[in-house]
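Good morning, colleagues. I would ask you to keep the sequence and the model in view while I speak.

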Amino acid sequence: MSTHTQQTLRKRKPVRPAAVAKNLGALLLAVVFVFPVYWMISSALKPSSEILTKDPVFVFTPTFDNFGTATGVELFWTYVQNSLIVTVSAVLLALLVALAASFAIARMKFRGRKGLVLGVMMAQMAPWEVMVIAMYMIARDAEMLNSLPLLTAIYFVMVLPFTIWTLRGFIAAVPVTLEEAAQIDGCTRGQAFRKVIFPLLAPGLMSTSLFGFITAWNEFAMVLILNKDKSAQTLPLWLTQFQTAFGNDWGATMAASTLFALPVLLIFVFLQRKAVGGMTAGAVKG
């Protein structure tokens, strides 16, 4: 055995049972969480005869017929358009309002500040489902049922408390000295916020917008109660339409679920990369 090989063997660290157990536990946990996603996608690609079988089928010939059935539903593209309109509008409005509110809470001292923070926390903890009846009565009296603007306003109010609370933490983490230094250099308070604080908020903006998008994208109860007209409904109700006289069309249901989850997955991958880039840029600028 050569001297180089002997030195390499001496440098290798012994395998620790605790580390092996942790890795195996992490692998098992990953399998538990990933398997339902795999089963959904695989069921979407299976022929109908191989979905409801006594023994699970893991090897099969993929087919895209289920996706054709899912997207062939009447008004499918209307559902997609409605979901995008209400979700993106609600998230953008929440970010715009939350930026101002979170900056005021984190940087300014004013009467009622603690009460405002408490109100934001209580609004975040309150279950919105208990207000469905009240919202329905208000929308009915205002003649705003089957209305996308009403749905956008409701989603905006739903995601706003979390957005304020999260952005407040990010703004509070930015040293005040950076803002003061910018003001000493001649910036107004607004310019200091725009040129110093705002670029450092990229991770917070990405994480809150992702949460808001998921919340509004997945919302089912509000649109079910308030928008009975199919032309004003969103994709969560599209997922309930794959029932036949013989039962549920599970292949189409799984295909629809896969398509429904795909935008969230893509946005998560995109925003995750941007959030890391924003943190690095903020560290360099600081």
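**Selected local features of the model**

Let me begin with a proline. P263 has a relative accessibility of 25% and therefore counts as partly exposed. The model, I should say at once, is a predicted one. P263 sits within helix α13, which covers residues 250–285. Its C-alpha atom is 9.5 Å from that of W217, although the two positions lie 46 residues apart in chain numbering, counted as their separation along the chain.

I turn now to a pair of helices. At what angle do α4 and α9 pack? The angle is about 100°, and the axes are 13 Å apart; α4 comprises residues 76–107 and α9 residues 189–200. Angles from 65 to 115 degrees count as roughly perpendicular, so α4 is roughly perpendicular to α9.

Which residues form this contact? From α4 come L99, F103 and R107, and they meet R189, F193, I197 and F198 of α9. Sorted by class, the contact of α4 with α9 contains five nonpolar residues and two charged ones, with no polar residue.

Next, the charged side chains. How many salt bridges does the structure hold? There is one. It joins the side chains of R140 and D141, with a nitrogen-to-oxygen distance of 3.4 Å. As to accessibility, D141 has a value of 58% and therefore counts as exposed, whereas R140, with a relative accessible area of 42%, is partly exposed. The boundary that matters here is 50%, since a residue must be over that value to be called exposed.

Finally, I should like to draw attention to the backbone at two loop positions. L75 is not a glycine, yet its phi is positive, near 65°. This leucine belongs to the loop that links α3, residues 65–71, with α4. The relative accessible area of L75 is 32%, so L75 is partly exposed.

The second position is E143, again a residue other than glycine, with a positive phi of about 55°. E143 is found in the loop between α6, residues 132–141, and α7, residues 148–173. Is E143 buried or exposed? Its relative accessible area is 72%, and E143 is therefore exposed.

To recapitulate, I have described the packing of α4 with α9, the salt bridge of R140 and D141, and the positive phi values of L75 and E143. Thank you for your attention.

Technical notes:
Residues numbered from 1 in each chain as written. Predicted model: local features only at pLDDT ≥ 70, side-chain atom pairs only at ≥ 80, totals over all residues. Heavy atoms only, no water. Axes fitted to C-alpha atoms, helices over the stretch in contact; angles between N-to-C directions. Helix = DSSP H or I, 4+ residues; strand = E, 2+ residues; numbered from the N terminus. Parallel < 35°, antiparallel > 145°, perpendicular 65-115°, else oblique. Contact = heavy atoms within 4.5 Å. Nonpolar A, V, L, I, M, F, W, Y, C, P; charged D, E, K, R; others polar. Salt bridge = Lys/Arg side-chain N within 4 Å of Asp/Glu carboxyl O. Buried < 20%, exposed > 50% of the residue type's maximum accessible area, 1.4 Å probe, protein only.
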